[in-house]
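Reader: I have a model open and some questions about how its parts fit together. Can we go through them one at a time?

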Amino acid sequence: FRSNFVHRRMAIETAVHRWDAEHAAGAAGSIDGALASDGLDEFLHVFVHRTRDGADPVGGTVHLHCGDVPGEWTLRPDPATGAWVTTREHAHADCALRGTASDLLLAVWRRIPLSSIDVRGDTGVAARFVAAQRL
């Protein structure tokens, strides 16, 4: 298990930092869709629970939907703990973030602005969700 986690983490980390370097050089492309979808899954199950100190409450539910490869998640705050409960499903939420897996991954890691993807519903919830994560 641990070895698989490390390999997964390194592949995703390398892809995002490769994008950073290409972006800095003015030649940013995209991250492979399957790898980006896996990166979203990791982010939504692991990193989403690391909230930045002083972050505004998100105040709603969030749905993410990849338009190019399989990948769809819905996040709801647990009423008892406030922690995010992430499910791999299509469901109604207060806001929906839609785009390519690459663009969604780059948006949640705050590499590109939310205006680069399709945000439906409560844009404030979307903005607070992305801003709340301690990266």
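Reader: How many residues lie between β2 and β3 in their hairpin, and what is the phi of G82 in the turn?
Author: This is a predicted model. β2 and β3 pair in the antiparallel sense over 4 bridges. They form a hairpin with 6 residues between them. G82 sits in that turn, and its phi is positive, at about 85°.

Reader: Which residue of β3 is the bridge partner of R76?
Author: In a regular strand the side chains alternate between the two faces of the sheet. β3 has a covered face, W84 and T86. Its uncovered face holds V85 and T87. The bridge partner of R76 is on that uncovered face: V85.

Reader: What is the strand order of the sheet, and which strands stand at its edges?
Author: The sheet is open, has 5 strands and shows mixed pairing. Its order is β3-β2-β1-β4-β5. Each edge strand has a single partner, so one side of each is left without a neighbour in the sheet. Those edge strands are β3 (84–87) and β5 (118–121).

Reader: By what angle are neighbouring strands of this sheet turned against each other on average?
Author: Strands of a sheet pair through backbone hydrogen bonds, either parallel or antiparallel. The average for this sheet ignores direction. The value is 15°.

Reader: Which residues of β2 are the bridge partners of V62 and H63?
Author: β1 (residues 62–66) and β2 (residues 72–77) run antiparallel, joined by 4 bridges. They form a hairpin with 5 residues between them. V62 has L75 as its partner, and H63 has T74.

Reader: Does β1 pair with β4 in the parallel or the antiparallel sense, and which residue of β4 stands opposite L64?
Author: β1 and β4 (residues 95–99) share 5 bridges. Their sense is parallel. β1 is also mostly covered, with 4 of its 5 residues buried. Opposite L64 in β4 stands L97.

Reader: Which strands does helix α2 lie across, and at what angle does it run to β2?
Author: Helix α2 covers residues 33–45. It lies across β1, β2 and β3. Its angle to β2 is about 10°.

Reader: Is R9 buried or exposed?
Author: R9 lies in helix α1 (residues 2–24). Leaving aside its neighbours within four places in sequence, R9 is in contact with E42, F47 and W109. Its relative accessible area is 13%, under the 20% cut-off. So R9 is buried.

Reader: Which residues form salt bridges with R9?
Author: Side chains of opposite charge can pair when their charged atoms come close. E13 meets R9 at 2.3 Å, N to O. Both lie in α1, 4 residues apart, about one turn of the helix. At 2.8 Å between the closest N and O atoms, the other partner is E42.

Reader: Which parts does the pair of E42 and R9 tie together?
Author: E42 forms a salt bridge with R9. E42 counts as buried, at 1% relative accessibility. E13, by contrast, is partly exposed at 32%. The parts tied by E42 and R9 are 33 residues apart in sequence: helix α2 and helix α1.

Reader: How far apart are the closest N and O atoms of R98 and D118?
Author: R98 lies in strand β4 and D118 in strand β5, 20 residues apart. R98 is partly exposed, at 34% relative accessibility. D118 is partly exposed too, at 27%. Their salt bridge has its closest N and O atoms 3.3 Å apart.

Reader: Which residues are linked in a network of salt bridges?
Author: A search of the whole structure finds 10 salt bridges. Some of them link into a network. Its members are R8, D38, D41 and R88.

Reader: Why is helix α3 largely enclosed, and which residue with a positive phi follows it?
Author: In α3 (residues 101–108), 7 of the 8 residues are buried, so the helix is largely enclosed by the rest of the structure. Among the buried ones are L104, L105 and L106. With a positive phi near 60°, the residue after α3 is R110.

Reader: What accessible area do F5, V6, M10 and V46 have together?
Author: These residues form a nonpolar patch on the surface. V46 sits in the loop between α2 and β1. V46 is partly exposed, at 36% relative accessible area. Together the four have about 320 Å².

Conventions
Residues numbered from 1 in each chain as written. Predicted model: local features only at pLDDT ≥ 70, side-chain atom pairs only at ≥ 80, totals over all residues. Heavy atoms only, no water. Pairing = 2+ DSSP bridges. Helix = DSSP H or I, 4+ residues; strand = E, 2+ residues; numbered from the N terminus. Axes fitted to C-alpha atoms, helices over the stretch in contact; angles between N-to-C directions. Contact = heavy atoms within 4.5 Å. Patch = residues over 30% accessible without salt bridge, like charges linked within 9 Å, V, L, I, M, F, W, Y side chains within 5 Å. Areas by Shrake-Rupley, 256 points an atom, 1.4 Å probe, with all protein chains shown as cover. Salt bridge = Lys/Arg side-chain N within 4 Å of Asp/Glu carboxyl O. Buried < 20%, exposed > 50% of the residue type's maximum accessible area, 1.4 Å probe, protein only.
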